[in-house]
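User: I'm new to this one and would like a close look at a single part of it. Could you pick one residue, walk me through its surroundings, and then show me some of the helix packing elsewhere in the chain?

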Amino acid sequence: MSSIGSSASPRTRARDFWRFARHLISSSPSRFAILIFSALIILFTALLALPIASASGTVTPISDALFTAVSTICVTGLATVDMAAHWSPFGHVVIFLGVNIGGMGVLTLASVLGLVISKKLGLRAKLLAAGDSNPLRAHGGVVNEGQTVRLGEVGQLLKTVALSLLLIELIVALLLYPGLLMAGIPPLAALWEAPYYAAMSFTNTGFAPNANGVAEFADDYFVLTVLMISVFLGSIGFPVIYTLAKHYWHVKRWSLHSKLTLITTAILFVLGAAVFLILEYNNPLTFGSMDAGDTTFQAFFLSAMTRSGGFSVIEISDLNGSSMLAASMLMFVGGGSASTAGGIKVTTLAVLAIAVWSEARGRQSVEAFGRRIPSDVQRVALSVVAWGATIVALSTIVIAQITKAPISDVLFDVISAFGTVGLSSGLTAELPDSAVYVMAATIFMGRIGTVTLAAAVAATSRSQLYSLPVERPIVG
């Protein structure tokens, strides 16, 4: 009789399950990661649906519980309920734990769980984790030692992920606590809000434990600056943190991925602030009533938060249409690869920009900082952008058809969902259940879809011993 049958002992069934899990990890770490994230969403949906999780002691509707679970595990920050008022202390603790688990990243989490189950990282899992640590490595052919974290360092990298998350959140919480006290928050409440804000900022989620969110600290530049720094550290990615920790003063030893991430992030941060400053300086609902110093600071804060932070001092719906479009573009790009941020990632944008520049100058290869970017990395970048644009387009069409809401509001919230940003025009909280499920699927695909797509495309890179005849179609 088969050991998988109904008469099998619990020990046998457990052994078969672990054998299946080990096989899945070794054969397809990406698929295992998706299964883990899906299982976490189901678990947190069940926890948030419990009566003890709501402040009223009633069962939360499944659509709201599921959406909150997806938004939590995928560190997004969009909500269909009043996050401060709807959830009980138990519910807030569940959400706090969920964003920290989700913040570790889909591939990193899968690698850690795979390590626990299989007792060691297999070669394919190590390759995948190394790829997550530096998406710009040469996936096909020989892996250049300068392009990637060495396989022997993967275990150290995974430890760095967990330790950096805990350490940075602890430091941010310690910095925020006196700031919250000076802002008038009671000591006991600040003792909870400080680590909560630290987790929500570093994981780029954007949930707030209080009714007014960070609007309460609109004039407290210390608190807002700490939040911006925390969001920045979370958005640059663990591989960059890993590189900076090892070679913080030796810029020449930084990986190409780290250089592209930091430079592109800085450019988008400054450029975004300049755009918001120009478009909103005379808007009486946003920056129009502020002096020059306040306007400049708030423009930088908004630029940082539209990249993936999700906190907002002003009402997003009060922005000019041009500003909402600019914010949508920043949200679509997102943060760094293997980070708590979403979007297509800044390195994807950088690779495509460098490729376009190289083509315009007639160069045969795409190069940056004395390194050549292989063609398969450019193929991954194009695939990620196409995947993201397709998701955003389809979700926008479906939700617009369901709600009949203004297309500008739908597009903004859909891109915010795809980029796991958490800013909203106000539409998400009013969505019917059918549109809520579409938005939840958008968040899920935005969080792990681009990563797994990149891994899948990279995995298909094979050596080909022959070439077909060349024929050039007309492009452009």
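Analyst: Setting aside its neighbours within four places in sequence, V99 is in contact with T72, V75, A199, M200, T203 and T205. Keep in mind as you look around that this is a predicted model. V99 itself sits in helix α5, which covers residues 89-103. Is V99 buried or exposed? Its relative accessible area is 0%, and anything under 20% counts as buried, so V99 is buried. You can also find F207 from here: V99 and F207 are 108 residues apart along the chain, yet 9.7 Å separates their C-alpha atoms.

Now step back to the whole chain for a moment. Its secondary structure comes to 18 helices and two strands. Of its 476 residues, 54% count as buried, and V99 is one of the buried ones. Among contacts with a separation of 6 or more, 70% are between residues 24 or more positions apart. As for the outside, the chain exposes about 21,900 Å², and carbon and sulfur atoms supply 67% of that.

On to the helix packing. Two packed helices are described by the angle between their axes and the distance between the axes. Take α12 (residues 256-280) and α14 (residues 321-333): their axes come within 9 Å and cross at roughly 170 degrees. An angle over 145 degrees counts as roughly antiparallel, so that is how α12 and α14 run relative to each other. Their crossing is left-handed. If you want to pick out the touching residues, α12 brings L268, G272, V275, F276, L279 and E280, while α14 brings S322, S323, A326, A327, L330 and V333. By class, that contact has eight nonpolar residues, three polar and one charged.

Helix α14 also packs with α13 (residues 292-309), and here the axes are 7 Å apart at an angle of about 45 degrees. What does that angle make the pair? Oblique: it falls outside the ranges for roughly parallel, antiparallel or perpendicular, so α13 and α14 are oblique to each other. On the α13 side the contact is made by S303, T306 and R307, and on the α14 side by A327, L330 and M331. Those residues divide into three nonpolar, two polar and one charged.

One last thing to look for on α14: A327 and L330 appear in the contact with α12, and A327 and L330 are also listed in the contact with α13.

Key:
Residues numbered from 1 in each chain as written. Predicted model: local features only at pLDDT ≥ 70, side-chain atom pairs only at ≥ 80, totals over all residues. Heavy atoms only, no water. Axes fitted to C-alpha atoms, helices over the stretch in contact; angles between N-to-C directions. Helix = DSSP H or I, 4+ residues; strand = E, 2+ residues; numbered from the N terminus. Parallel < 35°, antiparallel > 145°, perpendicular 65-115°, else oblique. Left-handed = near helix turned anticlockwise from the far one by under 90°. Contact = heavy atoms within 4.5 Å. Nonpolar A, V, L, I, M, F, W, Y, C, P; charged D, E, K, R; others polar. Buried < 20%, exposed > 50% of the residue type's maximum accessible area, 1.4 Å probe, protein only. Areas by Shrake-Rupley, 256 points an atom, 1.4 Å probe, with all protein chains shown as cover.
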